[in-house]
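Reader: Hi! Could you walk me through how some helices pack in this protein, and then a pocket?
Author: Happy to, just ask as you go.

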Amino acid sequence: MSVINVFSAENLSKRYGERLLFEDLTFGLSLGQKTALVAKNGTGKTTLLNGICGIEPLDSGRISMDASVRWSYLQQAPSFEPEEDILDHLYASDMAAVVAMRAYASALESGQDDSQMQAAYEQMDLHDGWDFEARAREILGKLNLHDLTRKMESLSGGERRRIALARVLIEEPEVLFLDEPTNHLDLDMIQWLERHLVQSKMTLLMITHDRYFLENVCDTILELDDQSLFKYKGNYSYYLEKREERKENALANRGKARGAFKRELEWMRSTPSARTGKSKSRIERFYEIKSAAKKRLEEDPLTLRLNPHRLGGKIVELHKVAQQFDDRVLFEGLSHHFKRSERIGIVGQNGSGKSTLLDIITQNTSPSRGKVVLGETVVFGHYHQSGAEFPDGQRIIEAVYEIAEFMPLEKGQKITAAALLERFLFPRSTHHQLISSLSGGERKRLHLLQVIMANPNFLILDEPTNDLDIYTLQILEEFLMDFPGCLIIVSHDRYFMDRLVEHVWVLGNSPEVRFYPGNYTQYRLALSEQLKEAENKPQATSGQPPSEVSEASKENKNDYSQRLSYKEKFEFEQLESKIEGLESRKSSLTEQLYSIKDAEQLQSIGNELNEVTTELEDAENRWLELSERAG
């Protein structure tokens, strides 16, 4: 089978002032190829994608892609119109199917005549509008995007990222560029996205630090290293193997260059009379050999035996801790006494209360019920997923010096701030560089170093892997493997969790926090077994044979797709859960009316009950209206 090339880049170069990011990069993408771009933070990964997609100019080079090829780009910070609602933002594309959907929705809402409705209906058929809409509904559901009437300006950064991801997936372009697609997704979403991309026919070029994602999705790895590009035709495991071989070959070549350098250095140091006018090429060759001989290839592993503050017998105790916002209970009844060197991973859907629980443990937030007791010797190190705020004009070394100038190690040894910076991939040449010039990943790495420099004995890491490159993650993992204190990790990085945690706490679905022994993969296996057991239990089918239930569902779904606009369908889906919530609230208020005797409270509850009853009636009437139109 012949390989069809859909994209090519030739001799791409980019420099910022004196700093060269990359030079003469040449590569291509073939149809259906799924490629990842890996490199250390600050070496130009995002800049390269931005240059390819026309977001910022490159200094030189040529990019070729046929004008008929549909492509999309998921940026780290996607743009949006503040007053736009989610639905309009999702369907702002000029794709034929999207145009047909908008025309059909407009025809339904404005009550146009039969001929115009028929024309809109035919356009939906012609451009596969029904399939497009079904795909959109599935993707939005998987990414937990339901209330599509909200304005973009009211959303969090994570919600905007998920909406941007939904948009490019719904459009299903032929070529898709992704910059950290797993950021701000919970673990279930990441696993769904992984399967979705594997099954798709799209050609992908992505930046990601998720190593399981690289392993399971990608068939090609492009490594940007030392301003050059290296290609590995295989997944992440293959890349690690071949990269090690490349490094070994490079070390061998450097050894040969050093031998040649000694010989040429003697010749260069000889008296000028020993050289002739014909030796110019040899002098040029000397400088090439010198460059190869002096090249630094070793990666200094972070093997530090820390000596943190001593932990006493009492560390942290949670006594029936609960957190509630209005009527929503995030978790309740959580009791736990932390032991020395305990390593816990916390997982749950976005909004399930993971970061809130961390703030309760560190006593930055008070629980709604219960209490937290801290031992006198506990020294927290809390890495926040939002990162740190650095003052304007501050330099890298100054940010570390404000915490400490050195860090104590075992056996009375110590490591200086400058040496620790080098271990965290900040070369000495960068120590007096302004923090404002760093990439987002480099700033997060510096914040992480500040947390560690405070020498805590209880580390709490909230999404520490976001925006960190693979090399930094490997260094961080090695450091944490040797960390002798207590460790709590909230992370969507499955590989990271698998290496470091020994127990998993699961938030969400119910107020009870569930406990699983083992790492993340072992938790998923246990969960899978529970789901299999649940599926094997007999389920009611309302007296219909399975085939009849299935056919009836299909028939209703087709009719439903044809009679409601896409805005109304999303509204219809949300009404059912809204009605359940209102009925529950009405029942609770009714019970309170019979138990409270205070006149003022009775008046307040009576007023609220009237409001809830009115809202419930409106919701039920709207549900009946939509259900009748849907057939």
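Reader: Which way is the crossing of H5 and H6 handed?
Author: The crossing of H5 and H6 is right-handed (the near helix is turned clockwise from the far one by less than a right angle; anticlockwise would be left-handed). Helices here are DSSP runs of H or I with at least four residues, strands are E runs of at least two, and both are numbered from the N terminus. This is a predicted model, where local features need pLDDT of at least 70 and side-chain atom pairs count only at pLDDT 80 or more, while totals for chains, interfaces and linings use all residues. Residues are numbered from 1 along each chain as its sequence is written, and side-chain values use heavy atoms, leaving out hydrogens and water.

Reader: At what angle do the axes of H5 and H6 cross?
Author: Roughly 150°, with the axes of H5 (residues 129-142) and H6 (residues 157-171) coming within 9 Å. Axes are lines fitted to C-alpha atoms, for helices over the stretch in contact, and angles run from 0 to 180 degrees between N-to-C directions. So H5 is roughly antiparallel to H6 (over 145 degrees; under 35 is roughly parallel, 65 to 115 roughly perpendicular and the rest oblique).

Reader: Which residues of H5 and H6 make the contact?
Author: Phe132, Arg135, Ala136, Ile139 and Leu140 of H5, with Ala166, Leu169, Ile170 and Glu171 of H6. Contact means heavy atoms within 4.5 Å.

Reader: And what about H6 and H7, at what angle do they pack?
Author: About 20°, with the axes of H6 and H7 (residues 187-199) 13 Å apart. H6 and H7 are therefore roughly parallel to each other, and H6 passes H7 in a left-handed crossing. Arg162, Leu165 and Leu169 in H6 meet Met189, Trp192, Leu193, His196 and Leu197 in H7.

Reader: Which residues meet between H5 and H7?
Author: Glu138, Ile139 and Lys142 in H5 meet Met189, Trp192 and His196 in H7.

Reader: New topic! How many residues line the second largest pocket?
Author: There are 34, and Thr46, Gln76, Ser439, Gly440 and Gly441 lie nearest its centre. H14 gives the largest share of that lining, six residues. On a 1 Å grid over the protein atoms alone, where a 1.4 Å probe fits, a pocket is an open set with protein on both sides within 12 Å along at least five of seven lines, and lining residues have an atom within 4 Å of a point.
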